[in-house]
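Trainee: Hi, do you have a moment to go through a model with me? I'd like to start with how the chains meet and then look at some details.

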2 protein chains.
Amino acid sequence: MIRMLIADDHTIMREGLKQLFSLVADVQVVAEAESGTQLIELLRQVEIDLLLLDMNMPGISGEILIARLHAQYPSLPILVLSMHNEIHIAQRALRAGALGYLTKDRDPETLLAAMRRVVSGQRYLDPGLAEQIALQSSGLKQQTYVESLSDREFQILRLLAHGLSVNQIAEQLVISNKTVSTHKTRLMEKMGFGSTADIVRFAMTLGIS
Amino acid sequence: MIRMLIADDHTIMREGLKQLFSLVADVQVVAEAESGTQLIELLRQVEIDLLLLDMNMPGISGEILIARLHAQYPSLPILVLSMHNEIHIAQRALRAGALGYLTKDRDPETLLAAMRRVVSGQRYLDPGLAEQIALQSSGLKQQTYVESLSDREFQILRLLAHGLSVNQIAEQLVISNKTVSTHKTRLMEKMGFGSTADIVRFAMTLGIS
DNA sequence: CGTTCGTGTAGGGATTTTCCTAGCCGGTTT
DNA sequence: AAACCGGCTAGGAAAATCCCTACACGAACG
């Protein structure tokens, strides 16, 4: 029997999932959370075998939430169920401590399979994303690689995504605006961005911003 | 018997909904679409009483999709099921021709109730949003009012959200960059935006961009 | 040990965008 | 008719940003 907790801010999504799992004999939904803080609260009270987690939760969410949960319950398998099928997000989720990552556009059978894998302690990665990562690491694709950003560049990416201007960032970091501009140019080149709007969109899907 | 079509790009969401509706005797899901174009295609083939539509579909989506469907099938009740509980989005969806608007964080009973209302030809608006709109129209809240934008301003908002620069927009619209800048300033003031990043974020939640 | 590379830092000049101001036009009010 | 207002249009001056170039410094490399 797999005792699981569903964390998703959309009631209808949660109910739908519960209905799906009601068809499966050895899966039992023992709790639900609709915010990051509530999730943290619940985990103190119930004992579970699997956490099914949405990436976009109100309050604490995304990477930060995963990292925090993983630090506190290292042996709890976390399967991330996300809307975004972008490599960076998946990679960051996994690096933060999730054991599996699956997009919501997969079918229920795949979800079940992923759940069983994760519960048994094995990693699971969405097939489509796995392929993308494979292609990427084999060098056939070059692009949008957050890892290639230096710390300073990533820091400035975040500040830009929050809507700060080059000058505001310069002031905050106590460096020249020319320097900020240089970092911005370089990070945009590395990420393959064509406009500041791309930065904001990217950051949004990442959960920053 | 309500014959309905579910349009949502996430398989798991669709399956979950189908499971929910399987508990309801007089509701039957007769078709599913996972993209705007597929939806348009399907509507030519099947006869339905209700369209349950997600705002964020790949391909054609959001307002534009609703407007198009409504023009083609004026008597088809469209219930929009959206992740966003922002007034503007709801208002635009309704104005484009949707008969109902509900956020995904509601419970299944509410969804059912909304469906029945819409099928019977009555409008349905998410209670939380209805209240917001009431407060807003009573003048207690002023802010972020898309309606107050002129056509030109909204057009430029969209282009900005797509990542075009002020100069590019000026060139495309064959007007002075100063003019574009003026529109930008005014639309940002009207919407209460503090940076271009806000524009992009807003447009993303709206389904544009 | 010299070279190269990545990173953080800017300057100078060019370009873009803002800020403030204002004209024009069509519709409404007085 | 005169006055007014909202929406679209810019100009000139000023600020912000970009582009190209450069340099220092530490790490990796031959």
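**Chatting through the model**

Mentor: Happy to. The contact takes 32 residues from chain B and 32 residues from chain A. Keep in mind that this is a predicted model.

Trainee: Noted. How much area do chain B and chain A bury between them?

Mentor: About 2,400 Å², with 74% of it on carbon and sulfur atoms.

Trainee: And which helices and strands of chain B supply at least two residues each to the side that touches chain A?

Mentor: Those are helix H1 (11–22), strand S5 (100–103), helix H5 (108–119), helix H7 (151–161) and helix H10 (196–206) of chain B. The largest share comes from H1(B), with 8 residues.

Trainee: How do the residues on that side of chain B divide into nonpolar, polar and charged?

Mentor: There are 15 nonpolar, 10 polar and 7 charged residues on the side of chain B that touches chain A.

Trainee: With charged residues there, how many salt bridges does the rule find across the interface of chain B and chain A?

Mentor: The rule finds 0 salt bridges across that interface. For polar contact, it finds 12 residue pairs between chain B and chain A, both residues at pLDDT 80 or more.

Trainee: Could you show me one residue of H1(B) in detail? Say Gln19(B), which is in helix H1 of chain B. What does Gln19(B) contact, leaving aside its neighbours within four places in sequence?

Mentor: Gln19(B) is in contact with Gln19(A), Leu20(A) and Leu23(A).

Trainee: Is Gln19(B) buried or exposed?

Mentor: Gln19(B) has a relative accessible area of 17%, so it counts as buried, the cut-off being under 20%.

Trainee: Let's switch to the nonpolar side. Which residues touch the most other members of the largest nonpolar core?

Mentor: That core has 44 residues, and the ones touching the most other members are Leu17(A), Phe21(A), Leu111(A), Leu17(B), Phe21(B) and Leu111(B). Take Leu17(B): setting aside neighbours within four places in sequence, its contacts are Ile12(A), Ile6(B), Leu52(B), Leu81(B) and Leu111(B).

Trainee: What about H7(B), which residues are buried there?

Mentor: In H7(B), the buried residues include Glu153(B), Phe154(B), Ile156(B), Leu157(B), Leu159(B), Leu160(B) and Ala161(B). H7(B) is followed by Gly163(B), which has a positive phi near 100°.

Trainee: Back to charges. How many salt bridges are there over all chains?

Mentor: The count comes to 22 over all chains. One of them joins Glu32(A) and Arg14(A), whose closest N and O atoms are 2.6 Å apart. Glu32(A) sits in strand S2 (residues 27–33) of chain A and Arg14(A) in helix H1 (residues 11–22) of chain A, so the partners are 18 residues apart, and Arg14(A) is buried at 7% relative accessible area.

Trainee: What else does Glu32(A) pair with, and how far apart are N and O?

Mentor: Glu32(A) also meets Lys18(A) in a salt bridge, at 2.6 Å from N to O. Lys18(A) lies in helix H1 of chain A and Glu32(A) in strand S2 of chain A, so this pair ties together parts that are 14 residues apart in sequence.

Trainee: How accessible are Glu32(A) and Lys18(A)?

Mentor: Glu32(A) is partly exposed at 24%, and Lys18(A) is partly exposed at 28%. Both belong to a network of salt bridges that links Arg14(A), Glu15(A), Lys18(A), Glu32(A) and Glu34(A).

Trainee: Anything in chain B? Where are Asp8(B) and Lys104(B)?

Mentor: Asp8(B) forms a salt bridge with Lys104(B), with the closest N and O atoms 3.2 Å apart. Asp8(B) is in the loop between strand S1 (2–7) and H1 of chain B, and Lys104(B) is in the loop between S5 and H5 of chain B, 96 residues apart. Both Asp8(B) and Lys104(B) are buried.

Trainee: Last topic, backbone angles. What is phi of Val174(A)?

Mentor: Phi of Val174(A) is near 55°, a positive value in a residue other than glycine. Val174(A) lies in the loop between helix H8 (166–173) and helix H9 (177–191) of chain A, and is exposed at 72% relative accessible area.

Trainee: And what about Val174(B)?

Mentor: Val174(B) has a positive phi of about 55° although it is not a glycine, and at 71% relative accessibility it counts as exposed.

Key
Residues numbered from 1 in each chain as written. Chains lettered and ligands numbered in written order. Predicted model: local features only at pLDDT ≥ 70, side-chain atom pairs only at ≥ 80, totals over all residues. Heavy atoms only, no water. Core = buried A, V, L, I, M, F, W, Y, C linked by side-chain atoms within 4.5 Å. Buried < 20%, exposed > 50% of the residue type's maximum accessible area, 1.4 Å probe, protein only. Contact = heavy atoms within 4.5 Å. Buried area = accessible area lost by both parts, 1.4 Å probe. Salt bridge = Lys/Arg side-chain N within 4 Å of Asp/Glu carboxyl O. Polar contact = N/O pair within 3.5 Å; in protein donor to acceptor, adjacent residues only side chain to side chain. Helix = DSSP H or I, 4+ residues; strand = E, 2+ residues; numbered from the N terminus. Nonpolar A, V, L, I, M, F, W, Y, C, P; charged D, E, K, R; others polar.
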